[in-house]
Structure formats: structure tokens, C-alpha cells
Amino acid sequence: MEYKALIGYTLTNKSKDNDWFRIFAANPEGTQWTKECWYVHNLLKYEFDLQFDIRVTYPSTAPEIELP
């Protein structure tokens, strides 16, 4: 269910030209995710690497997003 929500959110943002992140599964199990996010301020684009793990205790424990 969470995958469907994330995919829907991404598609909606892309259709409105309002996307601000890209993520890909870093392992076949889908527990580690990585890629990039960005922010535009005063016509300057700031890009950041992004990574997070889906823990065994999910959904009781929220994923911690890291900017390495």
C-alpha cells in the first residue's frame, strides 16, 4: 500500500512539474533506498544525496532520512 501511495505522489508531482526527489531501491529486498533530492531557491538548484532504510519494525518505527 505504501508503494502505491509513493508512486502516486511521484506521478502527481511529475505531472505538475513539481518533483523534488528521485529514489531507487539499493537492494533487492526493498529495505534500502538511495538517490537524490533537490531544492530550488532564487533560481539556484541545490542537490543533495539521499538515503534511508526501511527497518524491520516498520511501520511502528518511521524511516530516518539521511543526507550523507
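Tutor: Let's start with the term: a salt bridge is a side-chain nitrogen of Lys or Arg within 4 Å of a carboxyl oxygen of Asp or Glu. Keep in mind that this is a predicted model.

Student: Okay, what makes the contact between lysine 45 and glutamate 47 a salt bridge?

Tutor: Their side chains come to 3.8 Å, N to O. The cut-off is 4 Å, so the pair qualifies.

Student: Why is the contact of aspartate 19 with lysine 14 called a salt bridge?

Tutor: The closest N and O atoms there are 3.9 Å apart, and that is within 4 Å, so the name fits. A search of the whole structure turns up four such bridges, including one between arginine 55 and glutamate 64 at 3.6 Å, N to O.

Student: Why is lysine 14 called partly exposed?

Tutor: Its relative accessible area is 42%. Buried needs under 20% and exposed needs over 50%, so lysine 14 lands in between. Arginine 55, at 40%, is partly exposed too.

Student: How do you know that the span of helix 1 agrees with what is expected?

Tutor: Helix 1 covers residues 2-15, and at 1.5 Å a residue its 14 residues should span 20 Å. The end C-alpha atoms are 20 Å apart, so the two agree. Just after helix 1, aspartate 17 has a positive phi of about 55°.

Student: Why do we say that strand 2 and strand 3 pair?

Tutor: Pairing takes at least two bridges, and these strands have 10, antiparallel, so they count as paired. Strand 2 and strand 3 make a hairpin with two residues between them, and asparagine 42 in the turn has a positive phi of about 50°.

Methods
Residues are numbered from 1 along each chain as its sequence is written. This is a predicted model: local features need pLDDT of at least 70, side-chain atom pairs count only at pLDDT 80 or more; totals for chains, interfaces and linings use all residues. Side-chain values use heavy atoms; hydrogens and water are left out. Helices (H or I, at least four residues) and strands (E, at least two) are DSSP runs, numbered from the N terminus. The expected span of a helix is 1.5 Å times one less than its number of residues. Buried means under 20% relative accessible area, exposed over 50%, partly exposed in between (1.4 Å probe, protein chains only).
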